[in-house]
Amino acid sequence: MSEHNILAERMKSIQAFHVMDILARARQLASQGRSIIHMEVGEPDFATPAPIIEAGMQALKNGQTKYTPACGIPELRERIADWYWQRFQVRITPERVIVTPGASGALQLALGVLVNPQDEVLLTDPGYPCNRHFLYLFEGKPISLPVTAAQNYQPNLKQIQQAWSEHTRAVLLASPANPTGTLLSSELIQQLYHYIAQQQRTFIVDEIYQGLTYGQEPQTALSVADDIWIVNSFSKYFGMTGWRLGWLIAPEYALDSLNRLAQNLFLSPPTVAQYAALAAFGQNTLEITEARRLEFAKRRDFLLPALQHLGFEIQSIPQGAFYIYADSSAFSENSHLLSLNLLETAGVAFTPGIDFGDYLAKTHVRFAYTTNLPELEQAVERLAKYLPS
């Protein structure tokens, strides 16, 4: 019997990451003795800060290995709520903080309680691919909003209005965004929020790179309105990728539904990770994460002009995260082939634009500056030697 007769129809829409092909080949080449510089994966190269690791080890010693409440341990929910007050002067009750298995768990919960079959959710193209795949999982329909460097890779109000239909359920945007590193301004958040609220629909903002901003202070959309849904994570700024811990901040009306869905989907977030994350907001940890943010800023400030000098066109300066989204059309009309070829010849791994959508995707690539400055310098030297003329 054919797999197409057995597997769910939705699986035709859920694609693999092309970057995983790049990563697999990069590892194969490395195993053969080749020197590979990794600029493809969105994972900080720094280890989890020591205070967090120590808190995790102490939790294990204390026997904290059982299930927790579905929405997280009360201490961590309180700590996150306190963080929003201390950092952003935004008051939220701990009950509105849902601790999840990674930001992916937060997105699944949000979409699971909001989206009916055939409901539409507006997303940017380029954008994080899992968002549209989660929508397919819940039988929703992602509606792509093509965004350009000229508009800072963020949609304007007119685009939202033109894409709106009777089936629109929500708008899901990111700030800082992946793959572009751009931010939503407070003014734009305000404009979009007021329009979405008038339609009695939902605004979801992915803030998982919050904290990693350059030249301006981190912000939260909750400063604009209390009922915006917020997705966040301990993975990026706090360096806890493998601990699989994130959070969702939701309005009061959704809390019972979110709790019931979390119980059924996850039982609970990872226990040891939760107790470790209690140390994430301590002064010792924040000194470490701030030093790392400054290091990321140095890397961006080196890599951006270096790529431009090589011939990549970058019109929108990334203001956050750790990515540079570059127009590679000077070298190829096929970003996937370009990335594969430069992996083979130059030993530099980066991500083709086709992982992030369809709009101009074949002429764009994403570089992650998640490796140290000497390696970035070497990567630029290699690219200069092997880029097609």
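1. Some vocabulary before β8 comes up: buried means under 20% relative accessible area, exposed means over 50%, and partly exposed is in between (1.4 Å probe, protein chains only). Helices (H or I, at least four residues) and strands (E, at least two) are DSSP runs, numbered from the N terminus.

2. Keep in mind that this is a predicted model: local features need pLDDT of at least 70, side-chain atom pairs count only at pLDDT 80 or more, and totals for chains, interfaces and linings use all residues. Residues are numbered from 1 along each chain as its sequence is written, and side-chain values use heavy atoms, with hydrogens and water left out.

3. Overall build: the protein chain has 13 helices and twelve strands. Its radius of gyration is 21 Å, close to the 21 Å that the globule rule gives for 389 residues, so the chain is as compact as a globular protein of that length. (That radius is taken over C-alpha atoms, and the rule is 2.2 Å times the number of residues to the power 0.38.) Along the principal axes, the C-alpha trace spans about 60 × 55 × 55 Å.

4. On packing, 56% of the 389 residues count as buried. Taking contacts (heavy atoms within 4.5 Å) with a separation of 6 or more, 74% come from residues 24 or more positions apart.

5. For the surface, about 16,900 Å² is exposed by the protein chain, with carbon and sulfur atoms supplying 49% of it. That area comes from the Shrake-Rupley method with a 1.4 Å probe. As for charge, there are 29 positive and 37 negative side chains, and the centres of the two sets lie 3 Å apart. Lys and Arg count as positive and Asp and Glu as negative, leaving out His and the chain ends; each charge is placed at NZ of Lys, CZ of Arg, CG of Asp or CD of Glu.

6. Now β8 (residues 246-249): Gly 246 and Leu 248 point one way, Trp 247 and Ile 249 the other, and all are buried. Strand β2 (residues 97-100) pairs with β8 in the antiparallel sense over four bridges, pairing being at least two DSSP bridges between two strands. There, Val 99 has Trp 247 as its bridge partner. Strand β7 (residues 229-233) is also antiparallel to β8, over four bridges, and Ile 230 stands opposite Ile 249.

7. Then look at β6 (residues 202-206): five of its five residues are buried, so the strand is largely enclosed by the rest of the structure. Thr 202, Ile 204 and Asp 206 sit on one side, with Phe 203 and Val 205 on the other. Strand β5 (residues 168-174) pairs with β6 in the parallel sense over five bridges, with Leu 172 opposite Ile 204.
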